[in-house]
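Here is a short guided tour of a protein model. Keep the picture open beside the text and look for each part as it comes up.

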Amino acid sequence: MAANSRFAVSVHTLALLAHRKNELVTSENIAASVNTHPVVIRRILQALTQKDLVETIPGKNGGSRLARDPSEITLSEVYEAVQCDELFAQHAKPKNRHCPVSCNMKTILNDIFETAESALKQSLGKTSLADLIKKV
(Lines give C-alpha, C1' and ligand atoms only; values in the text may rest on other atoms or scores of the structure.)
Protein backbone atom coordinates (compact mmCIF):
# COMPACT_ATOMS: atom_id res chain seq x y z
CA MET A 1 0.00 0.00 0.00
CA ALA A 2 1.42 3.39 -0.99
CA ALA A 3 1.44 6.17 1.56
CA ASN A 4 -0.44 9.38 0.84
CA SER A 5 2.16 11.83 -0.44
CA ARG A 6 -0.11 14.88 -0.87
CA PHE A 7 1.38 16.57 2.19
CA ALA A 8 4.99 16.02 1.06
CA VAL A 9 4.23 17.20 -2.48
CA SER A 10 2.39 20.23 -1.08
CA VAL A 11 5.31 21.22 1.13
CA HIS A 12 7.69 20.77 -1.81
CA THR A 13 5.41 22.95 -3.96
CA LEU A 14 5.20 25.71 -1.36
CA ALA A 15 8.94 25.60 -0.73
CA LEU A 16 9.58 26.04 -4.45
CA LEU A 17 7.17 28.98 -4.60
CA ALA A 18 8.86 30.53 -1.57
CA HIS A 19 12.27 29.99 -3.15
CA ARG A 20 11.11 31.71 -6.35
CA LYS A 21 9.88 34.70 -4.27
CA ASN A 22 6.99 36.60 -5.90
CA GLU A 23 7.53 35.06 -9.34
CA LEU A 24 4.55 33.29 -10.94
CA VAL A 25 5.49 29.63 -11.35
CA THR A 26 3.60 27.31 -13.71
CA SER A 27 2.29 23.92 -12.69
CA GLU A 28 4.60 22.44 -15.32
CA ASN A 29 7.66 24.00 -13.64
CA ILE A 30 6.53 22.83 -10.21
CA ALA A 31 5.83 19.34 -11.59
CA ALA A 32 9.34 19.20 -13.04
CA SER A 33 10.80 20.01 -9.62
CA VAL A 34 8.64 17.40 -7.87
CA ASN A 35 9.09 14.95 -10.76
CA THR A 36 5.37 14.33 -11.19
CA HIS A 37 2.57 15.15 -13.63
CA PRO A 38 1.28 18.76 -13.78
CA VAL A 39 -2.28 17.54 -13.12
CA VAL A 40 -1.16 16.32 -9.68
CA ILE A 41 0.28 19.76 -8.97
CA ARG A 42 -2.83 21.56 -10.21
CA ARG A 43 -5.01 19.55 -7.81
CA ILE A 44 -2.71 20.40 -4.93
CA LEU A 45 -2.57 24.06 -5.94
CA GLN A 46 -6.36 24.14 -5.96
CA ALA A 47 -6.48 22.89 -2.34
CA LEU A 48 -3.75 25.32 -1.28
CA THR A 49 -5.54 28.21 -3.02
CA GLN A 50 -8.80 27.40 -1.22
CA LYS A 51 -6.97 27.79 2.11
CA ASP A 52 -5.36 31.09 1.03
CA LEU A 53 -1.84 29.67 1.05
CA VAL A 54 -1.34 30.16 -2.69
CA GLU A 55 -2.55 32.68 -5.24
CA THR A 56 -3.12 31.27 -8.72
CA ILE A 57 -3.44 33.38 -11.87
CA PRO A 58 -5.03 31.41 -14.73
CA GLY A 59 -4.12 31.75 -18.38
CA LYS A 60 -1.18 31.61 -20.74
CA ASN A 61 0.96 34.01 -18.70
CA GLY A 62 -0.38 32.80 -15.37
CA GLY A 63 1.03 30.68 -12.62
CA SER A 64 1.06 30.41 -8.86
CA ARG A 65 2.82 32.20 -6.02
CA LEU A 66 2.55 32.28 -2.26
CA ALA A 67 -0.39 34.25 -0.92
CA ARG A 68 1.44 35.03 2.34
CA ASP A 69 4.95 35.42 3.63
CA PRO A 70 6.63 32.01 4.21
CA SER A 71 7.13 32.86 7.90
CA GLU A 72 3.34 33.06 8.28
CA ILE A 73 2.62 29.61 6.81
CA THR A 74 2.93 26.65 9.17
CA LEU A 75 3.20 23.03 8.15
CA SER A 76 0.07 22.40 10.20
CA GLU A 77 -1.88 24.67 7.84
CA VAL A 78 -0.49 22.79 4.85
CA TYR A 79 -1.43 19.46 6.42
CA GLU A 80 -4.97 20.62 7.08
CA ALA A 81 -5.31 22.01 3.54
CA VAL A 82 -4.40 18.79 1.71
CA GLN A 83 -5.06 15.79 3.93
CA CYS A 84 -8.26 14.14 2.70
CA ASP A 85 -8.27 11.22 5.07
CA GLU A 86 -7.80 10.82 8.77
CA LEU A 87 -4.27 10.01 9.88
CA PHE A 88 -5.47 6.67 11.25
CA ALA A 89 -8.56 4.76 10.20
CA GLN A 90 -10.66 2.12 11.89
CA HIS A 91 -11.32 -1.16 10.15
CA ALA A 92 -14.78 -1.42 8.60
CA LYS A 93 -15.78 -4.74 10.15
CA PRO A 94 -18.73 -4.70 12.56
CA LYS A 95 -18.07 -5.45 16.21
CA ASN A 96 -18.67 -8.88 17.62
CA ARG A 97 -21.32 -8.29 20.32
CA HIS A 98 -20.13 -11.37 22.20
CA CYS A 99 -16.57 -10.08 22.66
CA PRO A 100 -15.79 -7.30 25.16
CA VAL A 101 -12.61 -6.38 23.26
CA SER A 102 -14.50 -6.05 19.99
CA CYS A 103 -17.27 -4.00 21.65
CA ASN A 104 -14.83 -1.44 23.06
CA MET A 105 -11.83 -1.31 20.74
CA LYS A 106 -13.13 1.29 18.26
CA THR A 107 -13.96 3.75 21.06
CA ILE A 108 -10.60 3.18 22.73
CA LEU A 109 -8.69 3.60 19.47
CA ASN A 110 -10.67 6.72 18.47
CA ASP A 111 -9.42 8.48 21.61
CA ILE A 112 -5.83 7.41 20.90
CA PHE A 113 -6.08 8.40 17.23
CA GLU A 114 -7.46 11.86 18.09
CA THR A 115 -4.64 12.44 20.59
CA ALA A 116 -2.00 11.35 18.07
CA GLU A 117 -3.37 13.55 15.28
CA SER A 118 -3.59 16.50 17.66
CA ALA A 119 0.07 15.99 18.64
CA LEU A 120 1.05 15.80 14.97
CA LYS A 121 -0.72 19.07 14.16
CA GLN A 122 0.82 20.75 17.19
CA SER A 123 4.29 19.61 16.13
CA LEU A 124 3.77 20.72 12.52
CA GLY A 125 2.52 24.07 13.80
CA LYS A 126 5.96 24.78 15.23
CA THR A 127 7.60 24.79 11.78
CA SER A 128 7.01 27.50 9.21
CA LEU A 129 7.67 27.38 5.50
CA ALA A 130 10.43 29.94 6.11
CA ASP A 131 12.12 27.45 8.47
CA LEU A 132 12.26 24.93 5.63
CA ILE A 133 13.57 27.43 3.09
CA LYS A 134 16.50 28.23 5.39
CA LYS A 135 17.60 24.58 5.01
CA VAL A 136 17.44 24.54 1.19
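## Finding your way around

Helices and strands here are DSSP runs, with at least four residues for a helix and at least two for a strand, and they are numbered from the N terminus. With that in hand, you can place a residue such as Lys21, which sits in the loop between α1 and α2 (27-34). Please remember throughout that this is a predicted model.

How many helices and strands does the chain have? There are six helices and two strands. Follow the sequence from its start and the pattern reads α-α-α-β-β-α-α-α.

## The overall shape

Now zoom out. The chain has 136 residues, and a compact globule of that length would have a radius of gyration near 14 Å, but this chain has 19 Å. Taken along the principal axes, the C-alpha atoms fill a box of roughly 65 × 30 × 25 Å.

Buried residues account for 30% of the 136 residues. Contacts tell you about the fold too: among those with a separation of 6 or more, 60% join residues that are 24 or more positions apart.

## Two buried residues of helix α1

Let us look at helix α1, where you will find both Leu17 and Thr13. Is Leu17 buried or exposed? Its relative accessible area is 0%, and the cut-off for buried is under 20%, so Leu17 is buried. Leaving out residues up to four places away in sequence, Leu17 touches Val25, Ile30, Leu45, Val54, Ser64, Arg65 and Leu66. Leu17 and Pro70 are 53 residues apart in sequence, while their C-alpha atoms are 9.3 Å apart in space.

Thr13 is buried as well, because its relative accessibility of 0% falls under the 20% cut-off. Beyond residues up to four places away in sequence, Thr13 touches Ile30, Val34, Ile41 and Leu45. Ile30 and Leu45 may sound familiar, since Leu17 touches them.

## Leu129 in the last helix of the tour

Move along to helix α6 (residues 129-135), which includes Leu129. At 1% relative accessibility, Leu129 counts as buried. Which residues is Leu129 in contact with, leaving aside its neighbours within four places in sequence? They are Val11, Leu14, Ala15, Ala18, Leu66, Pro70 and Ile73.

You can also try a distance across the model. Leu129 and Asn29 are 100 residues apart along the chain, and their C-alpha atoms are separated by 19 Å.

## A pair of rings

The structure holds one aromatic pair. The rings of Phe7 and Tyr79 have their centres 5.9 Å apart and their planes at 75 degrees; planes over 60 degrees apart count as edge-to-face, so this pair is edge-to-face. Phe7 lies in helix α1 (residues 6-19) and Tyr79 in helix α4 (residues 75-82), so the pair ties together parts that are 72 residues apart in sequence.

Is Tyr79 buried or exposed? With a relative accessible area of 4%, Tyr79 is buried.

## The second largest pocket

Next, look for an opening. The second largest pocket holds about 160 Å³ of space. Of the 14 residues that line this pocket, those closest to its centre are Ser27, Arg42, Thr56, Gly63 and Ser64.

Which elements each supply at least two residues of the lining? They are α3 (38-50), β1 (54-57) and β2 (63-66). The largest share, three residues, comes from α3. Sorted by class, the lining has four nonpolar, eight polar and two charged residues.

## Two loop residues with positive phi

Finish with the backbone. Most residues other than glycine have a negative phi. Lys21 has a positive value, with phi near 60 degrees. Lys21 is exposed, because its relative accessible area of 64% is over the 50% cut-off.

Asn35 also has a positive phi, near 65 degrees. Asn35 lies in the loop between α2 and α3. At 71% relative accessibility, Asn35 counts as exposed.

Notes. Residues numbered from 1 in each chain as written. Predicted model: local features only at pLDDT ≥ 70, side-chain atom pairs only at ≥ 80, totals over all residues. Heavy atoms only, no water. Phe/Tyr/Trp six-rings, centres within 6.5 Å; stacked < 30°, edge-to-face > 60°. Buried < 20%, exposed > 50% of the residue type's maximum accessible area, 1.4 Å probe, protein only. 1 Å grid on protein atoms, 1.4 Å probe; cavity = no way out; pocket = protein on both sides within 12 Å on 5 of 7 lines; lining within 4 Å. Points joined across faces, edges and corners; volume = space filled by probe spheres on them. Nonpolar A, V, L, I, M, F, W, Y, C, P; charged D, E, K, R; others polar. Rg over C-alpha atoms; globule rule 2.2 N^0.38 Å. Contact = heavy atoms within 4.5 Å.
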